[in-house]
Amino acid sequence: MNHDNRIAEIIDSIEAVHTNDQLSIDWKGRYPEAMKLARELGMPPEKMAEPNCLTCQLEVLNTLRTSIGLKELRNEAERSVYRARMDVCHGNEERGIPRCERLAGTTKLKPTFPFFQIKDANCTICGCFVAAKANVKWERCELNKWPQ
Ligand code: SF4
């Protein structure tokens, strides 16, 4: 089976699962294959492909989709939503919101992310770069701290 057919088959087989307004992707066990294909297609190493990270999974999915001429899934959060989320992660003095104590700086990240601990960039709960995560409309704070 050629690359394009394999990609089309993966895209056809996966399922978007919505639970309480949140999205997850059921890759039917094919995420490692999808990730490998996305890397072969040029998805750069600085783009993480962590299996537990929805932002990463959407990056992989969009790399596959565009490679066979499909449109990217539009997944950006509205700017107001993004800003409100970032205020919770980084804090906002003007709005009287304290910085989240889970933002990297003092706590160790999960072992799968040891080299990605960048001060004020990563969440120590999920390991994501909060700026990337907050920009994806379907993402959620695992501690439910973001505004609904
Ligand atoms: S995503 Fe949630 S837990 Fe992580 S830094 Fe932001 S507010 Fe804190």
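Two residues are in contact here if their C-beta atoms, placed from the backbone, lie within 7 Å. Keep that definition at hand during the tour, and remember throughout that the structure on the screen is a predicted model.

**The whole chain**

Begin with the whole chain in a cartoon view, where the secondary structure comes to five helices and two strands. If you follow the elements from the N terminus on, they run α-β-β-α-α-α-α. The chain has 148 residues, of which 22% count as buried. Among the contacts between residues at least 6 apart in sequence, 43% join residues at least 24 apart.

**Helix 2 against helix 3**

Now select residues 31–40, which form helix 2, together with residues 54–67, which form helix 3; their axes come within 9 Å of each other and cross at roughly 60°. That angle makes helix 2 oblique to helix 3, and the crossing of these two helices is left-handed. In general, two packed helices are described by the angle between their axes and the distance between the axes.

Which residues of helix 2 and helix 3 meet? Show the side chains of Ala-34, Met-35, Leu-37 and Ala-38 in helix 2, and then those of Val-60, Thr-63 and Leu-64 in helix 3, which they meet. Sorted by class, this contact of helix 2 with helix 3 has six nonpolar residues, one polar residue and no charged residues.

While helix 2 is still selected, pick out Arg-39, which has its place in that helix. Arg-39 counts as partly exposed because 15 other C-beta atoms lie within 10 Å, a number that falls between the limits of 12 or fewer for exposed and 20 or more for buried. If you draw a distance line from the C-alpha atom of Arg-39 to that of Thr-63, it should read 8.9 Å, although the two residues are 24 apart in sequence.

**Helix 1 against helix 3**

Keep helix 3 on the screen and add residues 3–13, which make up helix 1; the two helices pack at an angle of about 130°, with their axes 10 Å apart. This makes helix 1 oblique to helix 3, and their crossing is left-handed. On the side of helix 1, select Ile-7, Ile-10 and Ile-11, and you will find that they meet Leu-64, Arg-65 and Ser-67 in helix 3. By class, the contact of helix 1 with helix 3 has four nonpolar residues, one polar residue and one charged residue.

**Leu-73, in the loop after helix 3**

Next, go along the chain from helix 3 towards helix 4, residues 79–90, and stop in the loop between them at Leu-73. Is Leu-73 buried or exposed? Leu-73 is exposed, because 12 other C-beta atoms lie within 10 Å, and a residue counts as exposed with 12 or fewer. Leaving aside neighbours within four places in sequence, Leu-73 is in contact with Leu-58, Leu-61, Asn-62 and Arg-65. One of these partners, Leu-61, is twelve residues away along the chain, and its C-alpha atom is separated from that of Leu-73 by 8.3 Å.

**Two residues with positive phi**

Select Lys-28, which is placed in the loop between strand 2, residues 22–26, and helix 2. Its phi is near 50°, a positive value in a residue other than glycine. Lys-28 counts as exposed because it has 10 C-beta neighbours inside 10 Å.

Then move to Asn-144, in the segment after helix 5, which covers residues 130–134. Asn-144 also has a positive phi, of about 55°, although it is not a glycine. With 7 other C-beta atoms within 10 Å, Asn-144 is exposed.

**The ligand**

For the last stop, centre the view on the ligand, and ask which residues are around it. They are Val-88, Cys-89, Cys-100, Arg-102, Leu-103, Cys-123, Ile-125, Val-130, Cys-141, Leu-143 and Lys-145. If you colour this shell by class, it divides into nine nonpolar, no polar and two charged residues.

Technical notes
Residues are numbered from 1 along each chain as its sequence is written. This is a predicted model: local features need pLDDT of at least 70, side-chain atom pairs count only at pLDDT 80 or more; totals for chains, interfaces and linings use all residues. A residue is near a molecule or strand if its C-beta atom, placed from the backbone, lies within 6 Å of it. Ala, Val, Leu, Ile, Met, Phe, Trp, Tyr, Cys and Pro count as nonpolar, Asp, Glu, Lys and Arg as charged, and the others, Gly among them, as polar. Helices (H or I, at least four residues) and strands (E, at least two) are DSSP runs, numbered from the N terminus. Axes are lines fitted to C-alpha atoms, for helices over the stretch in contact, and angles run from 0 to 180 degrees between N-to-C directions. Angles under 35 degrees count as roughly parallel, over 145 as roughly antiparallel, 65 to 115 as roughly perpendicular and the rest as oblique. A crossing is left-handed if the near helix is turned anticlockwise from the far one by less than a right angle, and right-handed if clockwise.
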